[in-house]
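Reader: I should like to learn how to read the interior and the charged pairs of a protein model. May we work through one together?

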Amino acid sequence: MAVLLVLPLVFAYASPEILPVDQITPGMKGVAKTVVSGTAIEEFDVEVLGILKDKGPAGDLILVRTSGDLIDRTGGIAEGMSGSPVYIDGKLVGAIAYGWSLTDHKIGMVTPIADMLKLWDLPDNRNKIPVDDTDWLNGTGFKKLATPLMVSGFGQPALSMLKDKLGPLNLVPYAVGDAPDGVQFGPLEPGSAVGVQLVGGDVSIGALGTVTYAEGSKVLAFGHPFLKKGNVGYLMTNAYVFTTVNGLENSFKVGTTGELIGLINQDRGAAVAGEVGRYPSVIPMLITVQDNGLNRKEVSAVQIVQDEQLAPILAAATAFNATEKAMDRVGPGTAKVTFQITGRDLPGDVLTRENMFYSPANVGEMAVGEFLDAMSLIANNQYHPVDIMDVKVNITMDEERRTAAIISAKAGEMTVKPGQKVDITVKLKPFRGAPVTQVVPFTVPKDQPEGTMMLEVRGGGLIPLSQLLLRRQGLDEDLFKPNKKKNKSFEKILKEFSQNDRNNDIVVDILDMSQEDIVEPTLAATAAPVAAENKSKGTKLAATEKKASEAEDAKNKSFLTTDYIIEGDTQLAIPVMKDK
């Protein structure tokens with residue numbers, strides 16, 4: 001277990017005197033502190049223009065004009081200056097936090113320090129368990145200064161995916177590099193650059209801001225919320241600023257998160273608050289990608305914050321980034337994916353899944369889609385919280401197209417009996433390859449009635465024909481399974497997800513066409529022989545529901561896993577005869 005010495009990370013100094021809002025008047029002048037390059041703290045001038053009563057998310061805001069050499073260099077208040085402490089006559093006033101876009105960037109708003117200090121008194125129920133091991137390394141017209149999401153170690157395709165997935169949260173990621181070797185960050189103090197990190201390790205995803213106030217091991221920063229998620233468990237780091245870019249709409253700092261130093265446990269309207277030397281529970285994730293074409297392996301170890309909304313997105317984007325690095329390209333190919341998710345309070349403790357994917361355009365992004373679904377299924381489940389304790393993802397990439405189309409299928413017996421085992425020989429045509437045959441054993445249900453048994457032989461990734469017909473009609477197959485879906489346990493949902501047909505499976509299933517009487521004639525014509533037989537029996541909806549329910553429970557299907565992604569389907573009619 002690594003030991004982290006935290007005492008030097010925050011200065012021990014006398015607390016500054018605070019200047020309350022009711023003692024602040026227009027015309028007062030002071031200074032503010034921030035970092036605009038490297039780690040050096042610099043000052044700029046501030047003049048009070050007025051008090052905006054109850055205009056902030058936590059109370060009053062102080063309207064100020066900034067000036068000085070630093071402001072001239074940056075073009076005004078920049079994104080990333082959020083939290084810059086403001087002093088008047090040596091007394092702490094608050095933090096630079098808000099501004100306007102496409103206007104005078106030298107004008108901004110200050111969040112009073114009194115509102116920020118309240119965060120230290122809030123309960124921290126999320127981070128009760130101490131973690132000492134660091135080896136896992138609105139209508140006002142103004143807006144909060146954006147907290148730039150700096151992403152280190154990501155290629156452009158993965159960055160684009162991250163941008164798309166985080167768009168609804170108004171988070172815009174920027175690609176940056178790592179801090180230069182040998183940087184001396186020094187202790188956190190008012191004006192220091194600070195990072196709120198969401199992913200750490202071999203890659204980094206985090207937001208930059210400025211420390212407003214530090215007392216002992218406690219830290220206040222930003223002067224506004226990051227995501228306003230309340231009691232959180234984010235990683236707190238120091239930070240390095242490469243430069244500050246003077247922009248037309250907004251200026252912004254370009255920087256990167258540095259060393260892990262603690263946790264951010266409060267994300268509220270007035271600020272973010274954290275503590276040096278305490279660490280949140282995180283999700284360790286190990287990604288191994290093998291590209292057979294280049295004979296290259298990419299291994300990435302990261303730690304992701306425990307957040308039900310963010311963790312699935314961050315995990316999937318990080319896995320996609322690893323595939324893109326290993327392939328060194330974006331384009332078509334085949335991926336074999338295995339992942340294992342371990343969690344506390346997860347039914348069965350572990351969710352494991354294997355599958356194969358082919359994409360003619362972007363196989364890397366296709367490869368992580370099901371993994372994203374699994375993470376979301378666990379993190380956002382409706383039953384109870386799950387602490388994801390470990391994630392392992394293994395992906396093997398091939399540039400070649402490994403797909404095979406079903407040409408034909410035939411049974412090894414002319415007639416069968418209920419309960420009898422019959423071999424189904426399936427002829428496949430691999431893409432640009434010679435035909436091959438596969439044999440799928442199928443057992444006839446013991447309660448199968450006499451008459452023609454229709455089997456569907458298909459690829460595991462295809463929608464069964466009976467369901468497809470219903471969907472084209474605008475109906476949901478769950479309509480024929482009353483109370484089945486909503487009454488499923490969490491354990492059953494996870495089991496079904498794990499055991500779902502795989503894209504590289506040949507699936508042999510009984511084709512249930514008993515819903516045919518509610519399907520339009522043009523669609524019914526695609527299975528005319530079966531439709532005619534069903535219609536002659538005058539099947540009713542109640543019988544359909546019963547049969548569909550029984551069929552689901554019986555699971556009358558078999559499968560064979562292959563080295564190809566199976567495309568297409570065919571139907572097979574087999575007479576069933578009982579002993580007289």
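The questions and answers below treat the cores, one aromatic residue and the salt bridges.

Author: This is a predicted model, in which local features need pLDDT of at least 70, side-chain atom pairs count only at pLDDT 80 or more, and totals for chains, interfaces and linings use all residues. Residues are numbered from 1 along each chain as its sequence is written, and side-chain values use heavy atoms, with hydrogens and water left out.

Reader: Which helix gives the largest share of the largest nonpolar core?

Author: A nonpolar core is a set of buried Ala, Val, Leu, Ile, Met, Phe, Trp, Tyr and Cys residues joined through side-chain atoms within 4.5 Å. The largest one has 78 residues, and Phe226, Tyr234, Met285 and Phe371 have the most contacts inside it. Its largest share, 12 residues, comes from a helix (a DSSP run of H or I, at least four residues, numbered from the N terminus), and that helix, at residues 310-327, is α4.

Reader: How many residues make up the second, separate core?

Author: Among the members of this second core are Val422, Leu428, Phe442 and Val508. The number of residues in the core is 21.

Reader: Is Phe357 buried or exposed?

Author: Phe357 lies in strand β20, residues 350-359, a strand being a DSSP run of E with at least two residues. Buried means under 20% relative accessible area, exposed over 50%, and partly exposed in between, with a 1.4 Å probe and protein chains only. Because its relative accessibility is 9%, Phe357 counts as buried.

Reader: How many Å apart in space are Phe357 and Tyr564, C-alpha to C-alpha?

Author: The two residues are 207 residues apart in sequence. In space, their C-alpha to C-alpha distance is 9.4 Å.

Reader: How many salt bridges does the count come to?

Author: Side chains of opposite charge can pair when their charged atoms come close. The rule for a salt bridge asks for a side-chain nitrogen of Lys or Arg within 4 Å of a carboxyl oxygen of Asp or Glu. By this rule, the count comes to 20.

Reader: Which residue meets Arg344 in a salt bridge?

Author: The N to O distance of this pair is 3.3 Å. Arg344 lies in strand β19 (residues 333-344) and its partner in strand β21 (residues 387-398), so the pair ties together parts that are 43 residues apart in sequence. Arg344 is partly exposed, with a relative accessible area of 41%. The partner is Asp387.
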